[in-house]
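Let's take a walk through the empty spaces and packed parts of a protein model. Have the structure open while you read.

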Amino acid sequence: MKIKITLFAVILFIINLSAQEKQKDSINANELSEVTVVTATRTERALSSLPLPITIITAEAIAKSGVTRLNEILNEQTGIILIPDESGFEGIQMQGLDAAYTMILIDGVPLVGRSSGVLDLSRVSVGNIERIEIVKGASSALYGSEAMGGVINVITKRPKKDILEGSLSYRYATFNTNDANANILWKKKKFSANLFTNFYSTDGYDLDKTTALKNVESFYNYTIQPKLYYDFSEKLKLTVSNRFYNQKMDNVALIDAETYKGDAKENEWNSQIKFDHKWSSKLYSEYELYTTNYKNDSFLNDQNNVLYDRTYYNQWLLRPEIRTTLSINDDKLTGGIGLNYESLDRTYFDKDVKFNSQYVFIQYDYNPTEKWNILAGFRYDNHSEYASQLSPKLAVNYKFNENFSLKGSVGYGYKAPDFRQLFFDFTNPSVGYTVLGYNVAEDRLNQLDSEGQILKRIDGISFDEPLEPEIAVNYNFGTFYKKNKLRFDVNAFYNSISNLIDTGIVAQKNNGQNVFSYFNRSKVFTYGAEFNSTYKFTNEFSVSVGYQYLIAKDKSVVDNFDDHKYIRNSELQTIEIKKSDYFGLYNRSKHTANLKVAYTIPKIKTDINLRVFYRSKYGIFDSNNNQILDKYDDFVNDYFITNLAASKNITDKLFLQAGANNLFDYKDPDQIPNLAGRQLFARIQYNF
């Protein structure tokens with residue numbers, strides 16, 4: 001109650017300031033400016049005319065929020081929840097789908113390194129970001145596997161003026177967290193360049209002082225990102241981009257009450273060479289070669305400084321791609337062809353494994369009238385390890401007028417089995433259970449059996465047929481409205497996923513432990529709706545509200561509820577529950593919401609940025625042993641998080657900022673290990 005009263009008081013204070021500073025403004029000044037996006041169609045399109053659910057995060061919004069890493073700014077968006085996995089990395093949940101279903105791009109090319117199925121988004125600094133484009137819903141028609149749930153494209157800044165400009169900034173925060181940026185942009189005639197560097201370090205945080213382990217151990221990392229541009233002519237332009245990332249973290253483990261220590265290192269390198277070729281006013285091509293390598297290497301030493309354990313991960317991706325767009329009056333026909341060559345060498349693989357795939361995609365952006373826009377396309381993928389996939393998509397936008405439109409889309413997506421699900425070969429040294437990838441399971445089970453380690457194999461399980469990709473059908477239907485001071489959009493969605501890859505027991509060992517492998521098993525569905533609205537009371541004061549309603553369930557549970565309807569209550573009595581008591585998939589909240597208040601005080605050149613986030617209750621494990629999440633299980637309680645930042649321009653070139661994330665110090669150490677408590681920060685930036 002104190003928190004709610006304080007929040008109300010803060011908002012009331014800002015509204016009161018707005019009333020005192022209110023000035024007359026024109027309709028044009030209050031219109032939200034049009035934004036051009038590229039991720040949804042791989043061509044430049046106006047945001048309001050797109051028939052797909054898109055979210056744009058601008059550089060201005062990032063700067064005023066005071067955050068420094070990609071995971072932090074994404075966590076503030078409607079319909080996006082960041083969920084920590086067993087490795088501690090936070091993965092994106094979008095429209096109720098797990099992190100493995102969302103593709104992450106930087107300047108249109110993918111990041112790799114999902115060592116446990118999740119990309120560590122904190123390795124991306126926001127210091128040089130121009131905007132972030134978020135496309136929700138199946139996007140395999142353009143981007144292939146991994147884009148079954150959507151795409152997030154981080155677009156970095158590039159030089160625009162024939163001058164030398166840039167910024168230097170430093171931010172200090174709680175937990176001895178340091179973040180330093182240098183971003184230099186230079187352009188002269190045909191040549192331009194951008195150099196971005198970032199250094200980040202922290203002591204980490206510890207929510208439980210009774211153990212030697214921290215929630216996050218101390219680490220530091222640095223990023224160097226040089227980009228070069230050369231315009232041979234108006235028709236031929238070259239881009240050369242590189243990114244280097246290195247991190248070192250303390251590696252600590254508690255084994256049999258003894259503390260083991262070591263290091264964990266991450267190294268990422270990627271390089272992109274792209275030619276933009278304008279054949280004529282109607283024909284445009286892009287030729288792109290992209291390669292990236294992600295490594296991590298960690299070790300643990302015992303108390304005598306003798307090596308106890310070492311793990312490594314080394315992934316490569318090489319991707320050449322050609323894209324061409326033909327303009328036909330008001331319409332555009334886009335096509336592309338490319339090749340993915342991937343390899344991975346990691347601990348618990350008996351060899352360096354490789355994937356090869358070839359793909360082609362076509363998209364037609366059709367505008368029969370000023371009111372109608374139809375986007376149709378497909379992608380065909382030929383893969384070395386599973387059956388070929390055809391991924392179609394159709395989207396329609398009807399524009400009633402400049403302020404109001406309806407849009408809908410249906411898309412087919414797929415998620416290929418990853419390296420781990422196919423080739424993993426892991427035995428826990430202390431407990432003794434084994435996890436085998438699908439492609440190696442039969443041979444390893446026979447080997448374990450010949451060694452006398454297998455007590456029995458589960459009947460009816462065969463590895464004769466290949467592991468199939470997960471398949472999704474995605475529907476979106478929404479509306480967009482903009483007039484004067486008000487802008488809002490609503491989007492309803494439905495996702496149906498079949499061939500879901502899950503783990504199951506395939507054998508029992510003589511030591512009493514199980515052998516697990518991966519199978520195409522169940523079918524899940526998610527549905528819900530998102531709402532986003534912004535109202536500009538004046539040029540200086542605006543309020544945004546976002547909300548998502550989500551239902552996510554396993555269809556096999558719904559269809560076979562009799563298998564799960566009996567539970568033991570707290571008095572250890574067996575009781576029967578109803579189908580309506582089935583809550584759904586783990587780690588999903590039915591309700592999430594945000595309130596964002598932005599207020600500018602022109603007289604003192606100060607911006608106030610307040611963001612309040614709400615997440616309703618969710619379950620993370622089955623506490624009454626009926627193998628599903630029902631309303632009688634233990635839940636993580638609903639909670640609010642409040643972030644506040646105040647920014648002031650001392651001069652045209654000098655910028656100061658201070659604030660607090662998790663202002664009211666909300667913590668739940670047992671249930672939410674990625675909530676570190678209140679984090680105060682201050683930042684200084686010099687622009688030149």
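Start with strand β28, which gives five residues to the lining of the second largest pocket, the most of any element. (Strands are DSSP runs of E with at least two residues, helices are runs of H or I with at least four, and both are numbered from the N terminus.) A quick word on the ground rules: this is a predicted model, where local features need pLDDT of at least 70, side-chain atom pairs count only at pLDDT 80 or more, and totals for chains, interfaces and linings use all residues. Residues are numbered from 1 along each chain as its sequence is written, and side-chain values use heavy atoms, with hydrogens and water left out.

**Pocket and cavities**

What do "pocket" and "cavity" mean here? On a 1 Å grid over the protein atoms alone, a cavity is a set of points where a 1.4 Å probe fits but cannot get out, while a pocket is an open set with protein on both sides within 12 Å along at least five of seven lines; lining residues have an atom within 4 Å of a point. Grid points are joined across faces, edges and corners, and a volume is the space filled by probe spheres set on the points.

The second largest pocket holds about 1,800 Å³ of space. Its lining counts 50 residues, with Asp98, Leu500, Ile501, Asp502 and Thr503 nearest the centre. Besides β28 (501-509), elements that supply at least two lining residues include β4 (80-84), β5 (90-94) and α8 (555-559).

Now for the closed spaces: there are nine cavities of 30 Å³ or more. Here are two of them, next to the pocket:

| Space | Volume | Lining by class |
|---|---|---|
| Second largest pocket | about 1,800 Å³ | 22 nonpolar, 16 polar, 12 charged residues |
| Largest cavity | about 590 Å³ | 18 nonpolar, eight polar, 12 charged residues |
| Second largest cavity | about 140 Å³ | 10 nonpolar, four polar, one charged residues |

In these classes, Ala, Val, Leu, Ile, Met, Phe, Trp, Tyr, Cys and Pro are nonpolar, Asp, Glu, Lys and Arg are charged, and the others, Gly among them, are polar.

Which residues sit nearest the centre of the largest cavity? They are Met103, Ser145, Glu146, Gln315 and Glu342, out of 38 that line it. Strand β17 gives the most to this lining, with five residues. In the second largest cavity, β20 takes that role with four residues.

**The nonpolar core**

A nonpolar core is a set of buried Ala, Val, Leu, Ile, Met, Phe, Trp, Tyr and Cys residues joined through side-chain atoms within 4.5 Å; buried means under 20% relative accessible area (1.4 Å probe, protein chains only). The largest one has 31 residues, and those with the most contacts inside it include Phe349, Phe423 and Val506. Helix α7 (438-450) is among the elements that give it two or more residues, and α7 has the largest share, five residues. A second, separate core of 22 residues includes Ile57, Leu70, Leu111 and Val126.

Zoom in on Phe423. Leaving aside neighbours within four places in sequence, Phe423 is in contact (heavy atoms within 4.5 Å) with Tyr348, Phe349, Val353, Phe355, Glu385, Gly437, Asn439 and Val440.

**One lysine**

Finally, find Lys187 in strand β11 (residues 177-188). Residues that Lys187 touches, not counting those up to four places away in sequence, include Pro159, Asp162 and Ser192.

How values were computed:
Buried < 20%, exposed > 50% of the residue type's maximum accessible area, 1.4 Å probe, protein only.
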